[in-house]
Amino acid sequence: MSATTATTSYGQNWDLDSLFPHPSGEEFTNLLNGYRSGLAALAERSDKLPAFSPRGENGTEWVAFLRECERLETLAGDLSSFIGCHAAADAANKLYRQVEAALSALDPLRDRVFTNLEFALRDASDADFQALVDADPFMKSNAFFLAQRRKNARLRLPRGEELLAADLAVDGIHAWGRLYDRLSGELRIKVMEKGEIVEKSPGQIRFDSSERSVRQNNFYAAEKAWKSIADSCADALNHIAGTRLTLYRRLGLADHLEMPLHKNRMKRATLDTMWSVITRRKAVLQKYLAAKARLLGQERLAWYDTQAPLPGADEAGQSAEVPYDAGAELVVRNFSGFSRDLGEFASMALTGRWIEAENRSGKRQGAFCTGFAGKKQSRVFMTFTNTHDNVSTLAHELGHAYHSWVLKDQPFFLTDYPMNLAETASTFAEAVLAEQRLADSKSRSEKLSILDHMLADAVAYLMNIHARFLFESRFHEERRAGELPAERISELMLAAQKEAYLSSLADDGWYPDFWVSKLHFYISGLPFYNFPYTFGYLLSTGLYALSQQAGQDFPKQYRGLLVATGCMETEAAVQSTTGYDLAQADFWEKSLDVIERRVDQFLELVGGSSTK
């Protein structure tokens with residue numbers, strides 16, 4: 001395959017029919033029933049697992065069990081991705097919600113399988129564990145997965161309680177998450193367009209208009225709509241966090257961060273070092289925000305100004321609409337500038353109809369990439385509203401898809417990687433797009449607009465997400481004493497925003513109800529869906545800087561890092577491929593150096609003083 005030409009036309013609707021039969025048909029029902037019966041049989045089998053030992057038939061039985069486990073987990077992931085795609089594209093469809101619920105109802109069986117697996121691994125002696133892993137090629141190829149599952153066992157309740165908790169979670173924590181999905185998916189925001197009041201999905205509301213009155217009106221309309229469901233969202237947030245805190249207390253965990261750190265295969269020292277460097281050095285972004293405010297004719301920016309285009313962006317082509325085909329071609333061309341492999345992959349995904357980008361009502365908000373390991377494919381969901389920000393989102397999600405593509409031939413259990421490293425691949429793809437565009441830009445206005453976008457991202461990752469992290473930490477701390485009303489949750493959010501943004505925004509320019517609209521707080525399967533984004537952004541920023549030093553050898557090194565994400569701890573994956581220890585400040589300082597240089601470039605172009 002080769003990079004596409006500028007005349008290529010890309011479809012904006014994904015192909016799901018080639019993956020599985022439509023959910024409304026008998027074929028899909030039979031497939032789902034087959035998965036259900038196979039999973040039930042595997043769960044029964046897991047109840048009677050022999051001791052984890054290479055002796056006699058034990059070794060043979062374990063290999064057979066894990067192979068069936070691999071087959072059904074592959075199918076489980078594919079089915080979940082498949083129905084999730086359908087539900088995201090048609091949020092009001094009751095059938096899709098029913099199938100999502102039916103799959104969720106089977107999760108206790110999956111939990112039962114892995115609970116039994118992990119208890120068996122925990123109870124094995126070190127010698128028996130190593131002997132069985134070494135005795136069979138299949139087991140040896142999955143050694144990291146088995147060692148991780150063994151490690152997981154320390155975060156398990158006693159077996160009976162663990163299985164009960166999994167059963168209760170279907171109608172408990174996960175039901176609250178699904179409730180939020182339904183409420184947000186059905187929400188409509190009333191805005192004025194051409195003298196008419198129209199209703200839009202949250203994902204269709206833009207805050208990047210060149211007209212401040214439009215941004216402001218959209219913001220207040222969205223805020224009003226989200227506030228109408230704030231009490232129900234507060235219930236969901238309270239019960240999701242409350243369930244987690246109850247489990248953490250039963251497990252004797254130190255605090256609410258121990259579990260998310262474990263899930264990210266990440267050390268607390270790494271997280272603490274990252275936030276410490278950010279806190280010490282992000283004041284440089286205040287100069288950018290102040291300069292942007294002056295350019296926009298404001299004393300200080302409001303929340304809805306941070307993504308506004310700069311005056312003169314028309315000249316640079318940044319505020320003009322970017323048709324989907326042009327945006328897709330921009331991604332392919334700039335990915336190809338980094339490596340032929342990445343460019344060819346993007347071209348394949350775009351022409352192969354892996355992307356759902358159409359701008360229409362009825363879709364869920366947000367963007368995501370989901371994998372189909374059994375098909376060695378991915379799908380990307382977004383709503384493309386013809387902006388440069390959308391082009392960055394497309395690059396971001398294709399970065400995720402490339403990560404899965406690189407891992408597609410690895411053993412299935414080694415294709416799973418933690419969220420922090422997943423966000424590294426996606427934000428690295430964004431960096432490739434932005435840096436290539438900046439290098440190719442000719443005019444002052446174009447460079448200024450690109451830098452503005454890059455620094456707006458820095459604000460998002462180092463300020464906005466830091467606010468989310470501070471908010472969620474403090475919410476969990478207060479939630480230990482009981483449920484919090486919506487008003488108190490908004491107070492916590494406002495305090496976190498002011499601290500994270502260093503009080504840089506206008507007094508009336510904050511967004512206390514941001515917690516209502518942010519899907520990430522309601523994802524029931526993964527706690528603290530925030531700091532991995534900042535980790536990934538800063539890691540990718542540093543990696544891109546290294547790529548400029550390493551030259552043509554770096555794409556191969558980068559692929560090696562992506563492969564390592566499935567079979568190593570976070571720190572080991574990075575150190576083995578780059579040589580940096582993430583628990584030390586050195587790498588993070590290099591990443592902040594890059595951001596500081598971008599601020600200097602921005603200030604120089606606008607005629608302001610540098611950060612030096």
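Two strands count as paired here if DSSP finds at least two bridges between them. With that criterion in hand, the reader can follow the strands of this predicted model, beginning with an open sheet of three strands in the order E3-E5-E4, whose pairing is mixed. Its edge strands are E3 (355-356) and E4, each of which pairs on one side only.

On one side of the sheet, E3 and E5 run in the parallel sense and are joined over two bridges, and within this pairing glutamate 356 has phenylalanine 381 of E5 as its bridge partner. On the other side, strand E4 (residues 368-372) and strand E5 (residues 377-381) are paired in the antiparallel sense, with five bridges between them, and here threonine 370 is found opposite arginine 379 of E5. E4 and E5 also make up a hairpin in which four residues lie between the strands, and lysine 376, which belongs to the turn, has a positive phi of about 55°.

A further hairpin is found earlier in the chain, where strand E1 (residues 189-193) and strand E2 (residues 196-200) run antiparallel and are joined by five bridges. Two residues separate E1 from E2 in this hairpin, and lysine 194 in the turn has a positive phi of about 55°. Along the ladder, glutamate 199 in E2 is the bridge partner of lysine 190, while valine 191 stands opposite valine 198, also in E2. As a general point for reading such ladders, the side chains of a regular strand alternate between the two faces of the sheet.

The helices can be approached through their packing, and three pairs serve as examples. Helix H1 (residues 26-46) packs against helix H4 (residues 107-123) at an angle of about 30°, the axes being 9 Å apart. Angles under 35 degrees count as roughly parallel, and H1 and H4 are therefore roughly parallel to each other. H1 passes H4 in a left-handed crossing, in which H1 contributes Tyr35, Leu39, Ala40, Leu42, Ala43, Glu44 and Ser46 to the contact, and H4 contributes Leu109, Arg110, Arg112, Val113 and Asn116. Sorted by class, the residues of this contact of H1 with H4 comprise seven nonpolar, two polar and three charged.

Helix H9 (residues 173-186) and helix H11 (residues 230-251) also have their axes 9 Å apart, but their packing angle is about 155°. Since angles over 145 degrees count as roughly antiparallel, H9 and H11 are therefore described as roughly antiparallel to each other. The crossing in which H9 passes H11 is left-handed. From H9, the residues Ile173, Trp176, Gly177, Tyr180 and Leu183 meet Ser232, Cys233, Asp235, Ala236, His239, Ile240, Thr243 and Arg244 of H11, and this contact of H9 with H11 divides into seven nonpolar, four polar and two charged residues.

For helix H19 (residues 419-440) and helix H23 (residues 531-550), the axes are 7 Å apart and the packing angle is about 50°, which makes H19 oblique to H23. The crossing of H19 and H23 is right-handed. On the H19 side the contact includes Met419, Leu421, Phe428, Ala431 and Val432, and on the H23 side the contributors include Pro532, Tyr533, Phe535, Tyr537, Leu539, Leu543 and Tyr544. Taken by class, the contact of H19 with H23 holds twelve nonpolar, six polar and two charged residues.

Aromatic rings offer another way through the model, and a pair of such rings is described by the distance of the centres and the angle of the planes. A search of the whole structure finds 43 aromatic pairs, one of which is formed by phenylalanine 338 and phenylalanine 554, with 6.4 Å centre to centre and 70° between the planes, an edge-to-face arrangement. Phenylalanine 338 lies in helix H16 (residues 324-338) and phenylalanine 554 in helix H24 (residues 554-564), so this pair ties together parts that are 216 residues apart in sequence.

Conventions. Residues are numbered from 1 along each chain as its sequence is written. This is a predicted model: local features need pLDDT of at least 70, side-chain atom pairs count only at pLDDT 80 or more; totals for chains, interfaces and linings use all residues. Side-chain values use heavy atoms; hydrogens and water are left out. Axes are lines fitted to C-alpha atoms, for helices over the stretch in contact, and angles run from 0 to 180 degrees between N-to-C directions. Angles under 35 degrees count as roughly parallel, over 145 as roughly antiparallel, 65 to 115 as roughly perpendicular and the rest as oblique. A crossing is left-handed if the near helix is turned anticlockwise from the far one by less than a right angle, and right-handed if clockwise. Contact means heavy atoms within 4.5 Å. Ala, Val, Leu, Ile, Met, Phe, Trp, Tyr, Cys and Pro count as nonpolar, Asp, Glu, Lys and Arg as charged, and the others, Gly among them, as polar. Rings of Phe, Tyr and Trp (its six-membered ring) pair if their centres lie within 6.5 Å; planes under 30 degrees apart count as stacked, over 60 as edge-to-face and the rest as tilted.
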